[in-house]
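Biologist: I would like to go through the ligand site and the empty spaces of this model. Please give the reasoning behind each label.

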Amino acid sequence: MKRLSVDTCRLLSNAVLRPDYDRTTLRPGILHLGVGAFHRAHQAVYTDTALQRSGGDWGIIGVSLRSDSVAQQLNPQDGLYTVHSEDADGEQTRLVGSVLEVLVAPQAAAAVDAWMAEPSIRIITLTITEKGYCLGADGWSLDLANAQIVQDMQAPGAARSAIGVLARGLLQRFNHGAAPLSIVSCDNLTENSARLRQVLRQYLQACHPHILPWLDESVAFPCSMVDRIVPATSASRLSEQARLLGLRDEAAIVTEPFTQWIIENSFATEIPDWPCAGAQLVADVRPFEAAKLRLLNASHSAIAYLGLLLEKDTVADFMAEHALKQFVQRLMSANLMPALRVPSDFDLGHYAEQLQRRFENPRLHHRCAQIAMDGSEKIRQRWVETLETLPGDSLLLRALAGWCYLVLATDIELDDPRRGELLALRRNTAPLGQRLRELLRCINIDRADDPDWQERLACLERHYASIADGGIRSLLTLPAPGRPNA
Ligand code: CS2
């Protein structure tokens with residue numbers, strides 16, 4: 001079967017929607033760091049719709065920070081790929097034309113710097129995952145003990161971390177006319193771009209302090225909340241897509257129809273017509289970020305860890321079992337939702353119902369193992385604030401007991417930036433209470449003297465023991481309705 005490209009795309013099945021703007025004259029206006037599946041199903045699609053409806057020079061230069069796999073998928077296809085969205089109510093496939101090229105930063109550092117310096121690039125967006133921000137324990141400053149940051153600060157010209165690459169590009173931009181710029185984080189962190197600004201300032205302060213006045217004056221960091229469930233595309237799904245398309249698309253994405261992008265309206269530059277594609281520009285994204293992270297992502301992580309312990313492959317498999325779905329519903333309604341403060345016109349109940357249907361989508365094949373990745377980073381963002389509003393025992397604490405058990409007592413593979421520390425705790429033979437306290441430190445809970453945490457820790461130990469005795473199911477049996485926080 002032929003492969004998708006500019007030359008072959010006329011052979012695509014007629015069912016595929018295609019862009020009708022002229023890609024041959026489209027100039028880049030956006031540089032994106034971390035051009036994985038999420039970016040291709042989200043920001044690149046909003047930009048594609050904006051190009052379609054309102055035009056403008058807003059092509060995207062994608063940058064991979066480590067591996068060349070996305071470049072291998074997209075460059076031979078002239079940047080073209082398809083997005084297939086599907087749920088129980090219907091499906092749609094579209095060809096996306098907004099990505100022009102993918103560069104691999106370690107192999108093409110000069111080209112990446114040159115694009116960052118280019119005034120026609122007006123926006124840099126990022127999806128580099130939570131760990132990419134190299135945040136220290138306070139969640140806002142740069143982790144100066146991070147090995148990559150240490151290395152980058154010693155040799156900023158050869159930087160490899162996202163922060164180092166961005167800083168080097170900003171230096172070039174400053175040296176080549178200092179055009180204004182908007183930098184938008186699209187990662188699952190509250191106040192994502194504000195945090196990025198802090199760590200970047202700290203890095204620049206150490207390496208190129210003379211550009212800080214320009215950064216403060218001319219570079220904006222609008223925060224944004226992004227939402228779309230985008231599982232990694234499996235090999236079998238790629239073959240299924242190829243049959244549907246009539247062409248091989250190595251970069252095909254399969255996702256859900258739902259998509260949301262809420263962006264702080266504080267740009268230093270013009271932007272594509274993202275609002276016509278459904279993006280909402282607001283004065284304050286924080287309530288939206290909190291609702292998304294502490295409801296969607298928090299329950300996602302709970303499903304992932306409990307699901308792995310129950311040998312459920314996907315989120316939909318988990319939700320297909322009545323008792324487990326009930327657990328998720330109660331986790332949301334009794335623990336997660338009461339801890340949120342949302343604007344009066346935000347219908348949290350509707351959002352939660354919609355979420356459950358999204359999780360149940362049987363076409364998504366979103367693997368628990370994918371969501372479980374980087375747990376020590378994600379749990380900080382998703383669970384800790386809510387746990388602190390809940391006294392003693394709670395369903396969320398049971399989910400935390402599940403994660404602790406998974407880390408300490410199973411041989412399930414851990415894909416986590418703190419893998420070394422976690423594995424050392426797994427092998428450690430110290431008393432359980434001590435190991436749990438150390439594990440909690442890995443998710444930034446270090447309050448051994450706080451009586452509330454002592455109570456939670458005692459419950460955590462009890463739950464851990466009951467998982468060890470009777471398996472995780474014993475913990476997911478719901479207490480009688482009406483009990484507070486249960
Ligand atoms: C998921 C998210 O992998 C994960 O951690 O919780 O990627 C989630 O699918 C997205 O944030 C949904 O918008």
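Biologist: Which domains does the shell around the ligand draw at least three residues from?

Modeller: This is a predicted model. Domain 1 (9–283) and domain 2 (287–477) each give the shell at least three residues.

Biologist: What makes a residue part of the surroundings of the ligand?

Modeller: One of its heavy atoms must lie within 4 Å of the ligand. Residues that surround the ligand include Asn188, Arg228, Lys292, Asn297, His366 and Lys378.

Biologist: Why is the pair between aspartate 227 and the ligand called a polar contact?

Modeller: The cut-off is 3.5 Å between N or O atoms. A polar side-chain atom of aspartate 227 lies 2.5 Å from a ligand oxygen, so the pair counts as a polar contact. Histidine 300 has a polar side-chain atom 2.8 Å from an oxygen of the ligand. For arginine 382 the value is 2.9 Å, again from a polar side-chain atom to a ligand oxygen. Both pairs therefore count by that cut-off.

Biologist: How much of the ligand does the protein cover?

Modeller: The ligand has 340 Å² of accessible area on its own, and the protein covers 89% of that.

Biologist: Which elements give two or more residues to this shell?

Modeller: They are helix H10 (286–309) and helix H15 (375–382). H10 has the largest share, 4 residues.

Biologist: What classes do the shell residues fall into?

Modeller: There are 3 nonpolar, 4 polar and 5 charged residues.

Biologist: Now the enclosed spaces. What makes a space a cavity and not a pocket?

Modeller: A 1.4 Å probe fits in a cavity but cannot get out, whereas a pocket is open. The search finds 3 cavities of 30 Å³ or more. The largest cavity has a volume of about 90 Å³. Its lining includes Arg437, Asp446, Trp453 and Leu457.

Biologist: Which elements give two or more residues to that lining?

Modeller: Helix H19 (432–442) and helix H20 (451–470) do. H19 gives the most, with 3 residues. By class, the lining has 5 nonpolar, no polar and 4 charged residues.

Biologist: How do you know that the second largest pocket lies between the domains?

Modeller: Domain 1 (9–283) and domain 2 (287–477) both give residues to its lining, so the pocket lies between them. The pocket holds about 330 Å³ of space. Its lining has 19 residues, and Gly139, Arg195, Arg380, Gln381 and Asn444 lie nearest its centre. H15 and helix H16 (384–389) each supply at least two lining residues. The lining divides into 6 nonpolar, 5 polar and 8 charged residues.

Conventions:
Residues are numbered from 1 along each chain as its sequence is written. This is a predicted model: local features need pLDDT of at least 70, side-chain atom pairs count only at pLDDT 80 or more; totals for chains, interfaces and linings use all residues. Side-chain values use heavy atoms; hydrogens and water are left out. A polar contact is a pair of N or O atoms within 3.5 Å; within protein, one must be able to donate a hydrogen and the other to accept it, and residues adjacent in sequence count only if both atoms are side-chain atoms. Accessible areas come from the Shrake-Rupley method with a 1.4 Å probe; for residues, only the protein chains shown count as cover. Ala, Val, Leu, Ile, Met, Phe, Trp, Tyr, Cys and Pro count as nonpolar, Asp, Glu, Lys and Arg as charged, and the others, Gly among them, as polar. Domain bounds come from an automatic or database domain assignment. On a 1 Å grid over the protein atoms alone, a cavity is a set of points where a 1.4 Å probe fits but cannot get out, and a pocket is an open set with protein on both sides within 12 Å along at least five of seven lines; lining residues have an atom within 4 Å of a point. Grid points are joined across faces, edges and corners, and a volume is the space filled by probe spheres set on the points.
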